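Biologist: Hi, have you got a minute to walk me through this one?
Modeller: Sure, let's open it up.
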Amino acid sequence: MSEFWLISAPGDKTNLQAWERMNTVTSKSNLSSNSKFHIPDLKVGTLDALVGLSDELGKLDSFAESVIKKIVQYIGEVMEDSKDKVQENLLANGVDLISYLTRFEWDMAKYPIKQPLKNISEALAKQVTQIEADLKTRSAAYNNIKGNLQSLEKKTVGNLLTRTLADIVHKEDFVLNSEYLITLLVVVPKSSYVQWQKTYESLSDMVVPRSTKMIAEDAEGGLFTVTLFRKVMDDFKAKARENRFMVREFYFDEKELKCEKEELMKLASDKKQQYGPLLRWLKVNFSEAFVAWIHVKALRVFVESVLRYGLPVNFQAMLLQPNRKSVKRLRDVLNVVFKHLDEVAAASIMDPGMDIPGLQLSNQEYYPYVYFKIDLSLLDGS
């Protein structure tokens, strides 16, 4: 199960005994895998500042999560035919996400702890905002190439009535630079080949005898050339249509055909050249964004623990990975172990119909202990 619970409770002697009880019960009954989550001694600041920061961090948490999801989704789009390999590209500081989480260490170099909490929060917000802006720019450039290439490639599929003829026709198939003569291309259904050969010369006056040749064929029919005088072209087209022979509006232009082929090759080359650097950027910045997100979670635990348990700072944070089948049982165990921290909240969990006076928490999860969820299933679409 790729859902984790990041929780904290006071770190005094009584509560450390509660931790031991919780660890013993959860491991014996296989309710969850637990590991300590180390948060360094951060600068507390004022209570007012902490209350304001709590709200800002909640928004930053959601924002960072949304950016990470965008990166994962885009890695899937870029990898196209290898979508099953997306997961192996999702690493944080070079290790898989679960290992990073369970062995979390605060990055002192990136986020120095001697500065105020607000500064750390702002640095994290700036970093994630920049990653999102860069993702927009890079994805737009790549999508533009990919879109243009796809629209050109679409022209090379489909039937002979609609597809491009650039890769089918050759100069020698046409009478060119003639004042009087023109070569038309006609799509003839397979069932009408014999009829075409018998009748094309008589569909109008001035059709050059024995001038037809099939130059391409698909499942539905064939593409035939026919040469005639320019002045009977409209009459020939009308008569051909009456016989279910469709004349393609195509005039051989060597320069134009060459440009179309070159554009296709250039776009395919551009896409190939951009693929590697783009995927590398996505992997690096997924890691950066994920690491930032977990630091935001750590900040939230710190701030909420100080607000909940008071000063001096003394709490223990723990990361739990619940067993999928035991989520409710685990929640009950935690509630029993830590109910002394907030008897009213604990009672309301046991009795969901009970209101806590003055506490408007109908839309959010509230427990006797500090609790935040880290849901990695958001990243695998499961």
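Modeller: A quick note to start: domain bounds come from an automatic or database domain assignment. This is a predicted model, where local features need pLDDT of at least 70, side-chain atom pairs count only at pLDDT 80 or more, and totals for chains, interfaces and linings use all residues. Residues are numbered from 1 along each chain as its sequence is written, and side-chain values use heavy atoms, with hydrogens and water left out.

Biologist: Cool, which domains does the chain get?
Modeller: The assignment gives domain 1 (3–150 + 268–379) and domain 2 (171–251). Their centres, taken over C-alpha atoms, are 68 Å apart.

Biologist: And strand β9, is that buried or exposed?
Modeller: Strand β9 (residues 315–322; strands are DSSP E runs of at least two residues, numbered from the N terminus) is largely enclosed by the rest of the structure, because eight of its eight residues are buried. Buried means under 20% relative accessible area, exposed over 50%, partly exposed in between (1.4 Å probe, protein chains only).

Biologist: Which residues sit on each side of β9?
Modeller: Phe 315, Ala 317, Leu 319 and Gln 321 are on one side, with Gln 316, Met 318, Leu 320 and Pro 322 on the other. In a regular strand the side chains alternate between the two faces of the sheet.

Biologist: What does β9 pair with?
Modeller: Strand β1 (residues 3–10) pairs antiparallel with β9 over six bridges, and β2 (residues 32–36) runs antiparallel to β9 with five. Pairing takes at least two DSSP bridges between two strands. Leu 6 stands opposite Leu 319, while Ser 32 has Pro 322 as its bridge partner.

Biologist: Switching topic, where's Tyr 180?
Modeller: Tyr 180 lies in the loop between α4 (117–155) and β5 (181–189). Tyr 180 counts as exposed because its relative accessibility is 53%.

How values were computed. Helix = DSSP H or I, 4+ residues; strand = E, 2+ residues; numbered from the N terminus.
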